Amino acid sequence: MSIGEVLASLRGEFPDITISKLRFLETEGLVEPRRTPAGYRKYTWTDVTRLRYVLTAQRDQYLPLRVIREHLATMREPLADVSAVEPVEAHTETRLTRDELITKAGLTEALLKALEDHGLVKTRPGAGYDADALEVATAAARLAEFGVEPRHLRAYRAAADREVGLFSQLVTPLTRQSGPAGRAKAADTVHELTALTARVHAALVRAGLREILGK
C-alpha cells in the first residue's frame with residue numbers, strides 16, 4: 001500500500017492521523033516500509049498492524065514511543081490486545097554514576113569535565129547522569145576522534161536553548177491538560193519536533209558542504 005492508502009485505512013479508527021505522523025513514526029523506527037526505486041514508500045499489512053498497535057498504545061495506554069518500541073522489539077507480531085501491555089516501564093529512567101558514564105560513553109575524565117564546563121553534560125537532580133547525558137557524551141567522544149572539542153560544541157548548546165524556548169511555547173499548553181493523555185501527547189510532540197529539526201539541520205549542513213563533497 002502507498003502511504004495515502006495506509007492513511008485511509010487507519011483514519012476511521014484514528015481520525016487525527018496524518019501523513020506527517022506516519023513519517024514521524026518511521027523516523028522513530030516503529031515501522032519500516034520498503035522503498036520503490038523511485039523512492040516511494042510501500043507498506044505491507046504487517047506494517048499497518050504495527051502502526052495500529054502503536055497508535056492504540058498511545059491513545060489507550062498513554063505509553064511513550066520509547067516504551068512502545070521496546071515492547072515491539074520483544075514481539076514476533078504486535079499484540080492484538082493492547083490492554084495486555086503494562087505501562088510500568090514508562091517510569092524507568094537511566095541513572096549513571098560518573099564512572100559508569102565514562103565507561104559507557106568511552107570518554108576520559110578530562111573530556112567529561114570539559115563537556116560539563118561548557119554546559120553540554122550535567123547531572124540530574126538527585127544525582128546521576130540520564131540517557132540524554134549518555135547520548136551527548138557518547139557523541140562527543142566520537143567527535144573528539146575527529147578533532148572536534150567540547151568548545152566547538154558550544155554553538156549546539158546555544159541552539160538547543162533557543163529550541164527549548166521555542167518548543168516550550170508549543171508544548172506547555174499540552175502539559176496543562178489533565179491526566180496522562182496530555183503528558184503523553186506533550187512527550188510525543190517534543191519527539192516529533194526534535195526529529196524534524198534534526199532533519200533540517202542535517203540537510204542544511206549537507207547543502208552547505210555540497211561543493212566540498214563534489215555533489
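**Close-up 1. Leu22 and what it touches in this predicted model.** Set aside the neighbours within four places in sequence, and Leu22 is still in contact with Ile3, Val6, Leu7, Leu10, Ile17, Tyr43 and Leu51. This view comes from a predicted model, as do the others below.

**Close-up 2. The largest nonpolar core, with Leu22 as one of its members.** The core holds 25 residues, and Leu10, Leu22, Leu25, Leu51 and Ile68 are the ones that touch the most other members. Four helices each put in at least two residues: H1 (3–11), H2 (19–27), H3 (45–61) and H4 (65–73). H3 is the top contributor, giving six residues. A separate core sits apart from this one; it has 16 residues, including Leu96, Leu101, Leu115 and Leu120.

**Close-up 3. Helix H3, end to end.** How far apart are the end C-alpha atoms of H3? They are 23 Å apart, which agrees with the 24 Å that its 17 residues should span at 1.5 Å a residue. Plenty to look for along the way: the buried residues of H3 are Asp47, Val48, Leu51, Tyr53, Val54, Leu55, Thr56, Ala57 and Gln58. Just after the helix comes Tyr62, with a positive phi near 60°.

**Close-up 4. Helix H5 and its two faces.** H5 covers residues 98–105, and its buried residues are Leu101, Ile102 and Ala105. Why do they line one face of the helix? Looking down the axis of H5, you find the buried residues within an arc of 100°, so they end up on one face. Turn to the face away from that buried side and you meet Asp99, Thr103 and Lys104, which are exposed.

**Close-up 5. What covers H5, and what follows it.** Among the elements covering the buried residues of H5 are helix H6 (109–117) and helix H7 (131–144). Gly106 follows H5, and its phi is positive, near 70°.

**Close-up 6. Stepping back to the whole protein chain.** Ten helices and two strands make up its secondary structure. Reading from the N terminus, the order is α-α-β-β-α-α-α-α-α-α-α-α. Of the 215 residues in the chain, 31% are buried. Take the contacts with a separation of 6 or more: 56% of them are between residues 24 or more positions apart. As for the outside, the accessible surface of the chain is about 13700 Å², and carbon and sulfur atoms account for 56% of that surface.

Methods
Residues numbered from 1 in each chain as written. Predicted model: local features only at pLDDT ≥ 70, side-chain atom pairs only at ≥ 80, totals over all residues. Heavy atoms only, no water. Buried < 20%, exposed > 50% of the residue type's maximum accessible area, 1.4 Å probe, protein only. Contact = heavy atoms within 4.5 Å. Areas by Shrake-Rupley, 256 points an atom, 1.4 Å probe, with all protein chains shown as cover. Core = buried A, V, L, I, M, F, W, Y, C linked by side-chain atoms within 4.5 Å. Arc of directions from axis to C-beta. Expected span 1.5 Å × (residues − 1).
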